[in-house]
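Student: Got a minute to walk me through this one? I'd like to talk helix packing and then one side chain.

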Amino acid sequence: MTSNMTGKYARNEIFGASAIFGAAFLYGWFGILIRFVGKSGIDTFVQITFRSAIASLVLLTIILLTRSKLSFPRGKSLVFYIIRSLFGFASFTLSYFAILNESIALGYLFFYGGFLVGGYLLGHFAFKEKFRVSKLIALIMAVVGVLQIFTAPIIIQKSIIYLFMAFFAGVLSVCWSSFPKILPHHKHSQLESNLFDSVIGFISAMIVGLLLREKFVIPMQFDILWPQLLFVAQTVINGQLMIYGFKHIEAQIGSLIMLLEIVFAVGLAFLIFKEVPSVPTISGCIVIMIASIISVFAEKQPQVMQIP
């Protein structure tokens, strides 16, 4: 019985890590899609309102077609969903403006600085995750890999404020990602959770857009519409992957695996924009990949290092 439970737990961890790996690949498109939608001429929160509305309709359609149960959260459950969605909304908004106004490289660097710090602090203090030696090794390797990628001098194009935006976007993102550990999933499915997230994002973006007096329009031109729809697909699929992944693995390990987004972003930038990576960038990507593998497959019963 114990052996079966241990095997099931190990499989769930592998599946959870695989889900985060898939999410990292899809998020690798984030900076590239921002480049496209940023040139659309449509106001920022109008875009978010449009994408959230489409995502909500897609998720609702999937729920209805699969005849899944749909029950709306109430009381404490509703408060949890609102807080999680606001974390995600704020993270996306901050990272969006950061990458639009600074280089993609700097945006990713500071975002994942915040993501790593937030993941380890949240994992230790909120979820009482043990700081094992294997995790420390993986963390050091990940930091070295990130620094290798971004060895060029930091050139701030507009303001350091945007770099702080990217950092806090990373902190908020890991909070949003880790909320499935405390959300009442015995009542709501992953599809329901993502539907609530999209609906709350839609309401939040509309309110901010109205307060800023943005011009609400529906994009119809193909060159404007296709990156918006790709963003919707990314939102719907990643919402499922992140909830499942962070529900089955530790926040600290998940934050390390998510660093692979940088690797995918570098590769996609080369394929799409012909941005040739430097030797330090390539070596840094390799180190990050090794660190992610260590974080997942390291021995589960190593020496434990307690943080005072």
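Tutor: Sure, we'll take two helix pairs and then a glutamate; keep in mind that this is a predicted model.

Student: At what angle do the axes of helix 4 and helix 7 cross?

Tutor: Roughly 150 degrees, and the axes of helix 4 (residues 75–101) and helix 7 (residues 160–178) come within 8 Å. Angles over 145 degrees count as roughly antiparallel, so helix 4 is roughly antiparallel to helix 7.

Student: And which residues make the contact?

Tutor: On helix 4 they include Arg84, Phe87, Leu94 and Phe97, and on helix 7 they include Tyr162, Met165, Phe168 and Trp176. By class, that contact has 13 nonpolar, five polar and one charged residues.

Student: What's the handedness there?

Tutor: Helix 4 passes helix 7 in a left-handed crossing.

Student: Switching pairs: how far apart are the axes of helix 2 and helix 9?

Tutor: They're 9 Å apart, with helix 2 (residues 30–37) and helix 9 (residues 222–248) packing at about 150 degrees. That angle makes helix 2 roughly antiparallel to helix 9. The contact is made by Phe30, Leu33, Ile34, Phe36 and Val37 of helix 2, with Trp226, Pro227 and Phe231 among the helix 9 residues. It has nine nonpolar, two polar and no charged residues.

Student: Is the crossing of helix 2 and helix 9 left-handed or right-handed?

Tutor: Left-handed.

Student: New topic: is Glu192 buried or exposed?

Tutor: Glu192, found in helix 8 (residues 190–211), counts as buried because its relative accessibility is 1%, and the cut-off for buried is under 20%.

Student: What does the Glu192 side chain reach?

Tutor: The backbone nitrogen of Ser71, at 2.7 Å.

Note on methods. Residues are numbered from 1 along each chain as its sequence is written. This is a predicted model: local features need pLDDT of at least 70, side-chain atom pairs count only at pLDDT 80 or more; totals for chains, interfaces and linings use all residues. Side-chain values use heavy atoms; hydrogens and water are left out. Axes are lines fitted to C-alpha atoms, for helices over the stretch in contact, and angles run from 0 to 180 degrees between N-to-C directions. Helices (H or I, at least four residues) and strands (E, at least two) are DSSP runs, numbered from the N terminus. Angles under 35 degrees count as roughly parallel, over 145 as roughly antiparallel, 65 to 115 as roughly perpendicular and the rest as oblique. A crossing is left-handed if the near helix is turned anticlockwise from the far one by less than a right angle, and right-handed if clockwise. Contact means heavy atoms within 4.5 Å. Ala, Val, Leu, Ile, Met, Phe, Trp, Tyr, Cys and Pro count as nonpolar, Asp, Glu, Lys and Arg as charged, and the others, Gly among them, as polar. Buried means under 20% relative accessible area, exposed over 50%, partly exposed in between (1.4 Å probe, protein chains only). A polar contact is a pair of N or O atoms within 3.5 Å; within protein, one must be able to donate a hydrogen and the other to accept it, and residues adjacent in sequence count only if both atoms are side-chain atoms.
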